[in-house]
Amino acid sequence: MALTLYVDTARWRAHQQQVLQQFPGLVPVCKGNGYGFGHERLADEATRLGADLLAVGTTYEAARIKDFFGGDLLVLTPFRHGEEPVPLPDRAIRSVSSVQGLGGLAGARVVVEVMSSMKRHGVTPEELPMLASAIENVRLEGFAIHLPLDRTDGTDAVDEVIGWMDRLRTARLPLHTMFVSHLKADELHRLQAQFPQTRFRARIGTRLWLGDHDATEYRGSVLDVTRVAKGDRFGYRQQKAASDGYLVVVAGGTSHGVGLESPKALHGVMPRAKGVARAGLATVNRNLSPYVWGGKQRWFAEPPHMQVSILFVPSDAPEPKVGEELVAHLRHTTTQFDRLVDR
């Protein structure tokens, strides 16, 4: 009895090939929990794609993935002086976001990140005069720019990249490779046409692994079903059942990421109103679970436990049976499955 991730493997891989065709030379990203699939699985998929470079989040991830992927590894988190040293092979490439950072990586392979409108980290235009001498002591693999997902001010992503290309060219810095994130295929092609001497490489994770939502599905096994009447007490906190129905124990709890949710950016009146409504219900212990039964998303009977969740299914719905599976709408990047099944 488990929380299972089912993968329509043929469909999933067909989507990967479509993305690869749209973004020639793309760099697959495997970070965090491996987008819900795990590092080992994504390293294998990247190899199947013929990728020569795999981007990872941290040096610790690189140390784990190096045994599963034989190509180069690009560490996306920038180097910082004083960080814990992690033994990595020469095929590891470090990101650097400051001139000072380059000073601590003599002889290393590096990608220099420039400051984008994200304003997260990166070399600023004012630092460019110092960059030419700083890169003499490293093996420069290229520059990189990490762009925002939304542009509410109407600015153009391509224009932002062009601006940095012009600055780097004016500073007489080598522009053989530029790594980019969050560009559309047509935007990438526009840049490649304008700068034919530069190789643009898109770093892609979510779109590559999670772009076809119907290729994957989480399901939790029903472990127990107990009939309750209105007023019956149950659970850790001995709450009362609001009506007749069933307490359904299903695989998947906080250790799997069930009940955990990343904050979302809400746009528009209706999404904000729904967010307020959900928050109001939560104050009276009414929380909607990710599990679906009888065509409806069901409510948690109480907060999820470590490895299971208890749902309340009203008596007017079909009675779940032990061994059946409930579809679960879970976020891949925060979920840990018990098993993965290819089908």
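**Close-ups of two helix pairs, a cavity and a pocket**

**View 1. Helices α6 and α7 are roughly parallel to each other, because angles under 35 degrees count as roughly parallel and theirs is about 30°.** This is a predicted model, and the first stop is a helix pair. Helix α6 covers residues 157-170, helix α7 covers residues 185-194, and their axes sit 10 Å apart. The crossing of α6 past α7 is right-handed. On the α6 side, look for Ala 157, Val 158, Val 161 and Ile 162; they meet Glu 187, Arg 190, Leu 191 and Gln 194 in α7. Sorted by class, this contact has five nonpolar residues, one polar and two charged.

**View 2. Helices α1 and α2 cross at roughly 60°.** That angle makes α1 oblique to α2. Here we have α1 (residues 9-22) and α2 (residues 39-48), whose axes come within 11 Å. As α1 passes α2, the crossing is right-handed. From α1, the residues to find are Thr 9, Trp 12, Arg 13 and Gln 16, while α2 brings Arg 41, Leu 42, Glu 45 and Arg 48 to the contact. The class count for this pair is two nonpolar, two polar and four charged residues.

**View 3. A cavity is lined by Glu 113, Val 114, Ser 116, Met 118, Arg 120, His 121 and His 146.** Searching the whole structure turns up one cavity of 30 Å³ or more. The largest cavity holds about 50 Å³ of space. Its lining is a mix: two nonpolar, three polar and two charged residues.

**View 4. The second largest pocket has a volume of about 750 Å³.** There are 29 residues in the lining of this pocket, and those nearest its centre are Lys 31, Tyr 35, His 146, His 182 and Thr 206. His 146, then, turns up here and also in the lining of the largest cavity. Which elements each supply at least two residues of the pocket lining? They are strand β8 (177-181), strand β9 (199-204) and helix α8 (206-210). The largest share, three residues, comes from β9. By class, the pocket lining divides into 13 nonpolar, 11 polar and five charged residues.

Technical notes. Residues are numbered from 1 along each chain as its sequence is written. This is a predicted model: local features need pLDDT of at least 70, side-chain atom pairs count only at pLDDT 80 or more; totals for chains, interfaces and linings use all residues. Side-chain values use heavy atoms; hydrogens and water are left out. Axes are lines fitted to C-alpha atoms, for helices over the stretch in contact, and angles run from 0 to 180 degrees between N-to-C directions. Helices (H or I, at least four residues) and strands (E, at least two) are DSSP runs, numbered from the N terminus. Angles under 35 degrees count as roughly parallel, over 145 as roughly antiparallel, 65 to 115 as roughly perpendicular and the rest as oblique. A crossing is left-handed if the near helix is turned anticlockwise from the far one by less than a right angle, and right-handed if clockwise. Contact means heavy atoms within 4.5 Å. Ala, Val, Leu, Ile, Met, Phe, Trp, Tyr, Cys and Pro count as nonpolar, Asp, Glu, Lys and Arg as charged, and the others, Gly among them, as polar. On a 1 Å grid over the protein atoms alone, a cavity is a set of points where a 1.4 Å probe fits but cannot get out, and a pocket is an open set with protein on both sides within 12 Å along at least five of seven lines; lining residues have an atom within 4 Å of a point. Grid points are joined across faces, edges and corners, and a volume is the space filled by probe spheres set on the points.
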